[in-house]
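Open the structure in your viewer and keep the selection panel at hand. The tour begins at one strand and then follows its pairings outward.

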Amino acid sequence: LACSHHHCAFPVNRNELCIWNIATAQPLCLSGHHYSISAVSFGSNINPLLVCSASHERVIVWNLDECTQKAKEGFMPQGIVIGTLLGTVLHVRFSPDDQQVAVCAGNRIYVLSAKNETILAELDGHLAPVTAAEFCTWQKSTLISVKGGVFLSFFCLKVWDCSTGQLIYQSGIITGFPLLSLLIDEENKQIITGCAEGQLWIFSLISDHNYRCVTRINLKKEHEKFCNKVWKSGKEAGEGQNNSKVCRTENMKPEGSVEASLPILLIEHCDFLVCFHNEENIYPSRNTSYFWIGTSTGLLIINLANFEIEAFLSYKDYSDLSIRFARLCALTKKAVNGKVLCLITSMFEDMIAVLEVNPAALVRSQHGVFLPCENENSLSVIASSYLFPFLSNYYFRGIGQKCKLNYFTVEMKSPVKDKPLVFHNKIKSSGYTAAPRMTMFSPNNNLKKREVSKSKTSCKFKNEEYPLESDPPIKYEKEISVTCKPTPIFCVQYSGDGEMLACGLGDKTVLILNSNLTDTSSVFSGHDGAVNSVGWSHDKKWLVSASEDRTLRVWSVCNKEPALILGKEKFNKTVRFAQFYFIDTFILLCCGAEFHLLSFHLDTTKDDLRRYKQRSVCKLVQKFPMASTLEITSLSAVNDFYSYIVLTAGSNRALEVFDLNAGCSTAVIPEVHTRSVHQICQNKGSSFSTQQPEAYNLFMTTAAGDGIKVWDLRTLR
């Protein structure tokens with residue numbers, strides 16, 4: 001089968017080629033083969049539109065304009081025979097300029113001229129029948145091929161140089177099913193291939209990547225995840241009836257039911273964004289590539305940026321379509337009037353159906369529940385107001401649109417009232433009214449001087465705008481050893497102005513260094529375990545650290561002493577991911593499967609009589625448990641501006657979004673990575689660049705062995 005714009009090509013009576021014009025509904029029959037036609041392909045150009053058909057005994061190229069004119073004049077249309085007796089042909093493909101044709105016959109690939117019977121190259125190296133081949137669009141002499149088979153074998157992808165006939169690269173794929181389809185993505189410089197098992201492999205064609213495998217997608221798992229997401233979203237929005245037709249059968253499998261496999265019959269480009277050109281606010285991912293996946297049970301749209309399913313069309317959901325399982329599938333590359341032609345043939349009958357698919361309507365019907373709309377209140381990192389409605393006035397008092405922290409009351413003893421002093425007898429003065437002897441008792445003002453000097457030096461740096469068109473800094477600058485003996489560094493954190501760097505070490509200490517790594521480091525000691533997290537305050541005067549000893553400390557950067565210590569009696573598990581929050585109003589930390597929101601007041605003044613009793617106070621505001629997880633593996637929140645959003649990741653590989661303005665969890669994203677997320681990085685802004693407000697809704701996650709993913713909080717994708 002083959003599709004191109006308004007035309008569909010398929011064999012009739014085994015050895016005749018039928019060209020069906022959708023616009024005129026007129027068939028054109030082309031005769032020239034004596035054996036059954038086994039492969040058909042349209043050319044890359046529209047004018048003239050070429051089609052190639054192949055059988056066991058010959059390969060023929062037809063010019064449709066000339067054949068149509070011949071048929072109107074009453075003559076028999078004729079094509080150009082470009083190859084004879086090549087064997088059983090499984091696949092044919094035109095080059096980007098329609099000057100060459102790649103013919104996959106048996107274990108070999110023949111590169112033929114599209115104008116005459118000339119073999120330009122013969123590529124021999126596969127050990128099984130070649131099932132698909134594609135020309136590289138930006139390197140005309142490069143050809144990529146995949147092979148299939150029946151038994152467990154070493155199925156591979158090969159890259160050829162057609163001009164020399166040499167093999168450039170061979171990649172091995174171990175699977176028990178043959179590779180059936182192949183696509184070259186010119187925009188991202190990638191190869192996409194699929195097998196009969198429902199697995200997709202994506203390889204990079206960038207020269208420096210050496211054809212490495214980017215990712216592998218299990219189509220069945222992604223399909224189940226998509227169905228569960230649509231059904232759950234529809235149920236929450238009260239529209240589960242519309243989505244139950246698509247997804248409920250996947251969740252409720254009756255006993256004795258048979259699961260259909262998802263062999264990847266076709267991979268084709270999708271004009272997804274063209275279909276949404278009049279609905280710019282519906283879908284934000286305008287710089288993303290999409291492609292179609294044709295399977296035996298339906299069609300899927302895959303997002304190449306996150307490898308997730310955008311929409312799924314099942315054949316059995318349409319009563320007018322008599323084909324339930326497809327054996328072959330073909331799609332047009334470009335949409336016409338927002339619609340795509342799809343040609344499928346039945347697996348059990350001699351039946352062909354032509355479908356007209358509207359991708360925009362298909363996506364809207366399944367994504368309408370959770371696609372962002374203009375009038376819908378979606379999640380945003382930037383807070384719209386500065387109040388916490390769910391908190392009691394015991395902690396806050398709202399004054400207009402600003403928030404004043406009313407720290408919880410601390411009982412103080414009533415001061416001694418002033419009383420007149422009366423001397424009944426005449427006594428000698430003790431000298432308390434005299435001026436103090438400065439030579440013997442000089443006040444210690446060094447601490448205040450250091451504080452002033454710190455504040456002065458912190459304002460000396462030049463806050464220059466970083467040009468956004470410049471590349472990120474990747475040049476290796478300097479390396480220092482922070483300790484005399486090998487010690488692991490568990491965490492590093494820059495201050496907001498980029499002038500200082502804090503490090504948490506495995507030797508129970510915290511180091512503060514100058515960002516250029518030139519000045520002598522300041523050492524903060526006091527923990528009894530390895531320091532697993534450090535965080536700067538917004539004003540750069542305080543540093544919070546958490547340790548494996550189940551304690552949390554807030555340090556004064558000036559005098560290197562802890563202003564606040566929370567001991568083991570406060571936490572039953574190790575404290576992790578401690579940070580300041582809401583512009584130094586709160587402290588966030590993780591303990592087991594929940595994170596704590598703490599309010600605090602720091603007081604560094606000392607009482608000579610009670611010098612070992614800290615005057616700083618701290619109190620728990622609320623605990624927020626993460627659903628269905630044993631431990632929180634990462635936490636992130638913004639402290640540089642007002643934001644209610646807190647992101648957490650758990651050992652169950654899920655990511656949960658908390659809105660502290662509502663005081664509850666608002667969204668859960670399951671299976672964010674194949675392993676537990678060990679870091680969440682938000683776009684918290686910078687003193688050296690200006691960004692659009694929408695950019696702060698982006699964040700990244702990473703997991704060991706599963707790369708880095710960029711997410712959008714507004715769409716949770």
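Select residues 108-113, which make up strand E11. This is a predicted model, and in it 5 of the 6 residues of E11 are buried, so the strand counts as mostly covered if buried means under 20% relative accessible area.

Next, add residues 100-105, which form strand E10. E10 and E11 run antiparallel and are joined by 6 bridges. To see one of these pairs, pick Ala105: its bridge partner in E11 is Arg108.

Now look at the link from E10 to E11. The two strands form a hairpin, with 2 residues between them. Select Gly106 in that turn; its phi is positive, at about 65°.

Then move to the other pairing of this tour by selecting residues 119-124, strand E12. Here too the sense is antiparallel, and 5 bridges connect E11 with E12. Which residue of E12 does Tyr110 stand opposite? Show both side chains: the residue facing Tyr110 is Glu122. E11 and E12 also form a hairpin, this one with 5 residues between the strands.

Finally, clear the selection and display the whole protein chain. Colour by secondary structure to bring up 48 strands and 6 helices. The chain has 717 residues, of which 44% count as buried. Its exposed surface comes to about 38,900 Å², and carbon and sulfur atoms supply 51% of that area. Among contacts in the chain with a separation of 6 or more, 47% are between residues 24 or more positions apart.

Note on methods. Residues numbered from 1 in each chain as written. Predicted model: local features only at pLDDT ≥ 70, side-chain atom pairs only at ≥ 80, totals over all residues. Heavy atoms only, no water. Helix = DSSP H or I, 4+ residues; strand = E, 2+ residues; numbered from the N terminus. Buried < 20%, exposed > 50% of the residue type's maximum accessible area, 1.4 Å probe, protein only. Contact = heavy atoms within 4.5 Å. Areas by Shrake-Rupley, 256 points an atom, 1.4 Å probe, with all protein chains shown as cover. Pairing = 2+ DSSP bridges.
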